[in-house]
Amino acid sequence: MLARPIQSASLLLISLSFSFPAAAAHGVRSSRLEAMQDAPTGALAPQAAAQAPTVPAPDTAHFLVPFALPADFTTPFDINDNGVIVGNLEFTDSSSSFVFQDGAVIQVDPPRAAGFSELVAVSNRGDAVGDYLDADGIDRGFLRTADGTISDLPDPVPGFTFNLPFGINARGAIVGSYTTGPNLGSCVGYLLRNGRYQTIDIPGATCVFPNGINDDGDIVGNWLDTDRFSHGFLIPAGDRDGDRSSDSRIVDITIPGLATVPFHINGRGEIVGDYFIRIGRRLVGHGFVQRGSEVRTLDDPSGVFTVLTGVNDGGVIAGSSSNGGFLAIRKARAEH
């Protein structure tokens with residue numbers, strides 16, 4: 001079971017709740033949530049009454065450190081165990097990917113990019129994946145290896161319009177989504193390994209978004225049902241090589257009553273992502289951290305929204321809010 005969707009992977013959660021400043025406008029993730037928000041039934045709307053929303057208690061185990069690079073808006077999407085950070089730099093009329101390593105910033109622009117690119121995940125080996133928009137308006141996935149080599153991902157199917165890789169592990173396995181349509185009315189999740197796409201399918205889903213994969217091969221993500229409600233899922237690896245059989249167990253990790261978007265899982269099984277609460281006609285995103293069965297809310301206290309997209313094995317989290325990018329660092333003595 002495996003597959004993939006739309007445009008840039010960065011600010012996807014954020015545009016759900018409200019319009020970003022022009023400098024932080026479009027990314028795969030932002031386009032994705034925008035499409036959900038515009039759905040006729042109301043994107044990510046809370047589930048029907050039968051399940052009362054359960055808002056997780058606050059997380060007090062982290063402190064936030066701003067992360068900003070020379071740009072109008074900086075979005076760090078992921079951080080690996082060596083402290084390498086990847087993300088997106090927004091400028092007035094364009095955006096670029098970046099790699100931050102050993103205190104230096106490397107701006108990354110694939111050769112065919114037409115004003116937009118982003119790197120959304122980095123493995124512990126230093127390889128990173130992202131997407132870019134070409135001159136024909138096709139959103140293409142690309143790989144940047146640790147030595148700086150850039151190459152397009154293979155086309156998932158003929159006539160695709162978006163190929164969005166969202167996660168990569170040290171074994172080179174990539175997860176993401178693609179679509180052949182103009183929007184996210186339907187999309188396919190995938191696992192890409194050794195140049196071969198395997199579809200990730202969840203019964204009843206109109207779209208499947210595998211967002212993160214750890215070095216063991218555990219996959220987290222979200223899927224949309226026919227009412228466009230977003231469910232969180234975990235697919236445990238079948239074995240240490242990340243192979244999985246057709247009867248792989250899909251674990252529901254939806255926060256009760258709340259639209260849930262898990263983004264990343266580290267080698268210790270910690271998961272970070274977002275859940276959404278409707279306020280009037282808007283959906284507001286809140287970050288969450290899940291360790292075992294415990295789920296906690298982790299927000300920028302002065303932000304309008306918070307997005308958590310990456311976490312390394314040391315528990316350092318990459319995220320952003322209406323105030324900009326940040327890293328959430330574990331306190332010496334974690335407390336709740």
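In this predicted model, V289 has R296 in strand 21 as its bridge partner. The two strands involved, strand 20 (residues 282–291) and strand 21, run antiparallel and are joined by four bridges. Together they form a hairpin with two residues between the strands, and here G292 takes a positive phi near 65 degrees. Following the chain onward from strand 21 (294–297), one meets the loop that leads to strand 22 (306–311), and F305 lies in this loop. With a relative accessibility of 1%, F305 counts as buried, because the cut-off for burial is under 20%. In space, the C-alpha atom of F305 is 9.5 Å from that of L283, although 22 residues separate the two in sequence.

Strand 24 offers a second pairing pattern to look at. Of the seven residues of strand 24 (residues 324–330), five are buried, so the strand is largely enclosed by the rest of the structure. Strand 24 pairs with strand 1 (residues 62–66) in the antiparallel sense over five bridges, and within this pairing F63 is matched with I329 of strand 24. Strand 23 (residues 317–321) also pairs with strand 24, again antiparallel and over five bridges. There, the bridge partner of I317 is A328 in strand 24. The connection from strand 23 to strand 24 is a hairpin of two residues.

An open sheet is built from four strands in the order 2-3-4-5, with antiparallel pairing. Its edges are strand 2 (73–79) and strand 5 (104–108), each of which pairs on one side only. On average, and ignoring direction, neighbouring strands of this sheet are turned by 30 degrees against each other. Strand 2 is held to strand 3 (residues 85–90) through six bridges in the antiparallel sense; D78, for instance, has V86 of strand 3 as its bridge partner.

Turning to side-chain packing, the largest nonpolar core consists of twelve residues: F77, V120, A121, V129, L143, L153, I168, I174, Y178, Y190, L192 and Y197. Two or more residues of this core come from each of strand 6 (117–122), strand 11 (174–179) and strand 12 (188–193). Another core lies apart from it and has eleven residues, among them L191, I213, I219 and I235. Such grouping fits a familiar trend, since nonpolar side chains in soluble globular proteins tend to be buried together. Within the largest core, I168 is a convenient residue to follow. Leaving aside residues up to four places away in sequence, I168 touches A121, V122, S123, D127, V129, L143, A173, I174 and I213. One of these contacts, I213, is listed in the eleven-residue core.

Aromatic rings add a further layer of detail. The model contains five aromatic pairs by the ring-centre criterion. Ring pairs link F67, F98 and F100 into a cluster.

Finally, C207 provides a close-up of strand 14 (residues 207–213), in which this cysteine lies. Its relative accessibility is 0%, and C207 therefore counts as buried. Beyond residues up to four places away in sequence, C207 touches L184, G185, S186 and C187, as well as N222, W223 and L224. The C-alpha atom of C207 is also separated by 8.6 Å from that of S177, a residue 30 positions away along the chain.

Methods
Residues are numbered from 1 along each chain as its sequence is written. This is a predicted model: local features need pLDDT of at least 70, side-chain atom pairs count only at pLDDT 80 or more; totals for chains, interfaces and linings use all residues. Side-chain values use heavy atoms; hydrogens and water are left out. Buried means under 20% relative accessible area, exposed over 50%, partly exposed in between (1.4 Å probe, protein chains only). Contact means heavy atoms within 4.5 Å. Rings of Phe, Tyr and Trp (its six-membered ring) pair if their centres lie within 6.5 Å; planes under 30 degrees apart count as stacked, over 60 as edge-to-face and the rest as tilted. A nonpolar core is a set of buried Ala, Val, Leu, Ile, Met, Phe, Trp, Tyr and Cys residues joined through side-chain atoms within 4.5 Å. Two strands pair if DSSP finds at least two bridges between them. Axes are lines fitted to C-alpha atoms, for helices over the stretch in contact, and angles run from 0 to 180 degrees between N-to-C directions.
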